[in-house]
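Colleague: I am new to this structure, and I would like to understand how its descriptive terms are earned. Could we take them one at a time, with the reasoning spelled out?

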Amino acid sequence: MKKEDEIDLLELDWEYIWKKSIKKGMKKEKNWDEIAKDYGKWLENDDYPDVMLGKMRISSEDTVLDIGCAEGTITRKIAKKAKSVTGLDKSKLMLEELNKNAEEEAIGNINTIQMDIKDLSHEKIGDYDIVLASRCLNGISNIKETLLTLNEIANKYVYITVFGSSTHEYKKEKAKIAGKTFKAGTDYSVLFMLLKSLGIEANIVQLECENLKEYSDMDEAIQRSMWKLGELEEENKIALENYFKEIFVKNDRGNWVNPKDKTDLVLIWWKKE
Ligand SMILES: C[S@@+](CC[C@H](N)C(=O)[O-])C[C@H]1O[C@@H](n2cnc3c(N)ncnc32)[C@H](O)[C@@H]1O
């Protein structure tokens, strides 16, 4: 018999814990349209898309739903392995970039859907063999319903990546210099426990990405930081630039890299029973 003070982890309200940390982590919703034209360039030297693809079991017969696909760096790679891919994103401009890029590469098996993840349902979307939600769930509040929907849509596998916490100390330091307060946001362990409480036994993997964030000049580094931190006072901009000058090093492509800011992503995936 259970002792009175014994805690059953699966009975905790993991969605509540998740929601509480969103409020802490994300003050305002990001406008992804703003960076649609630049996002592909940000990913140019990022090894994450290939690391991620290496973890996915995709056959040439598979249909894939890529949620939060952005301008399609990953979507286009999947298209070359799968039967077809549908990229879903709420940003109209990101999807325009994706379609343009697919056309330029003569990829004919990609469809796009403009939709907010919050409105996603099996009835609207139908079945796919594989569902991917890469780096787009950290800010989703109806997370329980979303996870159940992803599970319902997938015939074979669901893959989710969320940001890890290994660079939090650096981000705290950077925010302080920028005159902002660091907020950790949602944590992958909560997502994992929420899935467990829903009866979904997922696998969890810390992805090993080697590449560092790379910038052609200091101005680009400041602009990309402002996308995350919001507008900065002039004095904080200067302080941040001086900080970057202290820690950045040049790589063999002649770009600046930040040794303290390695891509940190955790993969949570499961096979449909
Ligand atoms: C960090 S990017 C990730 C892009 C791509 N999946 C990757 O990993 O490189 C996040 C993308 O998710 C989309 N996104 C964020 N919240 C969303 C939501 N609630 N509904 C639909 N798309 C969303 C954004 O528009 C953006 O294109």
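Modeller: Let us begin with Arg135, which sits in the loop between E4 and H7, bearing in mind that this is a predicted model.

Colleague: Why is Arg135 called buried?

Modeller: The term buried applies under 20% relative accessible area, and because Arg135 has 16% relative accessibility, it counts as buried. Its backbone also deserves a remark, since Arg135 is not a glycine and yet has a positive phi of about 55°.

Colleague: What makes Ala70 count as buried, and where is Ala70 found?

Modeller: Ala70 is found in the loop between E1 and H4, and its relative accessibility is 9%, so it counts as buried. Ala70, a residue other than glycine, has a positive phi as well, near 55°.

Colleague: How do you know that Ser134 and Arg135 have polar contacts with the ligand?

Modeller: A polar contact needs a pair of N or O atoms within 3.5 Å. An N or O atom in the side chain of Ser134 is 2.5 Å from an oxygen atom of the ligand, and for the side chain of Arg135 the distance from such an atom to a ligand oxygen is 2.8 Å, so both pairs meet the cut-off. With Ile117 the polar atom belongs to the backbone, and it lies 2.8 Å from a nitrogen atom of the ligand. The ligand taken alone exposes 600 Å², of which the protein buries 95%.

Colleague: Which residues come nearest to the ligand, and what classes make up the shell around it?

Modeller: Among the 18 residues around the ligand, Gly68, Asp89, Ile117, Ser134 and Arg135 come nearest. The shell has 11 nonpolar, three polar and four charged residues.

Colleague: Why is strand E1 described as largely enclosed?

Modeller: Five of the five residues of E1, which spans residues 63-67, are buried, so the strand is largely enclosed by the rest of the structure. Both of its faces are covered, with Thr63, Leu65 and Ile67 buried on one side and Val64 and Asp66 buried on the other.

Colleague: How do you know that E1 and E2 pair?

Modeller: Pairing requires at least two bridges, and E1 is joined to strand E2 (residues 84-89) by five, in the parallel sense. Within this pairing, Leu65 has Thr86 in E2 as its bridge partner.

Colleague: What makes E7 and E8 edge strands?

Modeller: Three strands form an open antiparallel sheet in the order E7-E9-E8. Strands E7 (212-215) and E8 (249-250) each have a single partner strand, so one side of each is left without a neighbour in the sheet. E8 and strand E9 (residues 256-262) are paired over two bridges, which is enough where at least two are required. Val249 stands opposite Val257 in E9.

Colleague: Why is Thr149 called buried, while Glu241 is called partly exposed?

Modeller: Thr149, in helix H7 (residues 143-153), has 8% relative accessibility and therefore counts as buried. Glu241, in helix H11 (residues 234-247), is at 28%, so it counts as partly exposed, given that this class lies between 20% and 50%.

Colleague: What do Thr149 and Glu241 touch, leaving out residues up to four places away in sequence?

Modeller: Thr149 touches Leu120, Ser121 and His122, whereas Glu241 touches Met218 and Ile222.

Notes. Residues numbered from 1 in each chain as written. Predicted model: local features only at pLDDT ≥ 70, side-chain atom pairs only at ≥ 80, totals over all residues. Heavy atoms only, no water. Helix = DSSP H or I, 4+ residues; strand = E, 2+ residues; numbered from the N terminus. Near = heavy atom within 4 Å. Polar contact = N/O pair within 3.5 Å; in protein donor to acceptor, adjacent residues only side chain to side chain. Areas by Shrake-Rupley, 256 points an atom, 1.4 Å probe, with all protein chains shown as cover. Nonpolar A, V, L, I, M, F, W, Y, C, P; charged D, E, K, R; others polar. Buried < 20%, exposed > 50% of the residue type's maximum accessible area, 1.4 Å probe, protein only. Contact = heavy atoms within 4.5 Å.
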